[in-house]
Amino acid sequence: MADTAFELSGLTPEHQLGIALHWLGHPGPMRIDAEMFGVSEQSVARAVKLVTKSLIQRLRDKTIQLPYGDDLEECLHLSEQHSPPLPGCALYLDGTYVGW
């Protein structure tokens, strides 16, 4: 069943997703995306808002979070054993060091 929020905008969910992903990947004036996709700037803004809201609702509980409690202690212990050691590192993601 389609998401009602997507139906209200007058564009298909696929069209909105394409618009939103393009704008998010190439942020700039919405006028450019509006011309590219043959819609108004308001439609671009609405698509970005609806797609972003939908992604947040669906992924909210699946995001990466800092460890805590026993998991934090295990991460800190493992970071000391890493080569080279990463003292105080609670999370290392995509080359980004998140210290504790």
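Biologist: Among contacts in the protein chain between residues at least 6 apart in sequence, what percentage join residues at least 24 apart?

Modeller: Before I answer, please keep in mind that this is a predicted model. Of the contacts that link residues at least 6 apart in sequence, 38% bring together residues that are at least 24 apart.

Biologist: Which elements make up the protein chain, and in what order do they run from the N terminus?

Modeller: The protein chain holds five helices and two strands, and, read from the N terminus, the elements follow the order α-α-α-α-α-β-β.

Biologist: How should I read burial and surface for the protein chain as a whole, and what percentage of its residues is buried?

Modeller: A residue counts as buried when its relative accessible area is under 20%, and in this protein chain of 100 residues the buried ones make up 24%. The surface that the protein chain exposes comes to about 7300 Å², of which carbon and sulfur atoms supply 59%.

Biologist: How do I read a salt bridge, and how many does the count come to?

Modeller: The idea is to look for a side-chain nitrogen of Lys or Arg within 4 Å of a carboxyl oxygen of Asp or Glu, and here the count comes to one salt bridge. That salt bridge is formed by R31 with E35, whose closest N and O atoms are 4.0 Å apart.

Biologist: Why are R31 and E35 separated by about one helical turn?

Modeller: R31 and E35 are four residues apart in helix α3, so about one helical turn separates them. As for their surroundings, R31 counts as partly exposed because its relative accessibility is 41%, whereas E35, at 58%, counts as exposed.

Biologist: Where is D33 placed, and is D33 buried or exposed?

Modeller: D33 has its place in helix α3, which covers residues 30-37, and D33 is buried yet has no salt bridge. The nearest side chain of opposite charge is that of R31, and it is 9.4 Å away from D33. When the neighbours within four places in sequence are left aside, D33 is in contact with H22, W23 and V44.

Biologist: Which residues form the negative surface patch?

Modeller: A patch is built from residues with over 30% relative accessible area and no salt bridge, and in this structure D70, D71, E73 and E74 form a negative one. One of these residues, E74, lies in helix α5, which spans residues 70-81, and E74 counts as partly exposed because its relative accessibility is 47%. Measuring along the chain and through space gives two separate views of E74 and A90, which are 16 residues apart in sequence and 9.0 Å apart from C-alpha to C-alpha.

Biologist: Which residues make the nonpolar surface patch?

Modeller: L17, L21 and L24 make a nonpolar surface patch of about 260 Å², and one of these residues, L21, is found in helix α2, which runs over residues 13-25.

Technical notes
Residues numbered from 1 in each chain as written. Predicted model: local features only at pLDDT ≥ 70, side-chain atom pairs only at ≥ 80, totals over all residues. Heavy atoms only, no water. Buried < 20%, exposed > 50% of the residue type's maximum accessible area, 1.4 Å probe, protein only. Lys, Arg positive; Asp, Glu negative; His and termini not counted. Contact = heavy atoms within 4.5 Å. Patch = residues over 30% accessible without salt bridge, like charges linked within 9 Å, V, L, I, M, F, W, Y side chains within 5 Å. Areas by Shrake-Rupley, 256 points an atom, 1.4 Å probe, with all protein chains shown as cover. Charge placed at Lys NZ, Arg CZ, Asp CG, Glu CD.
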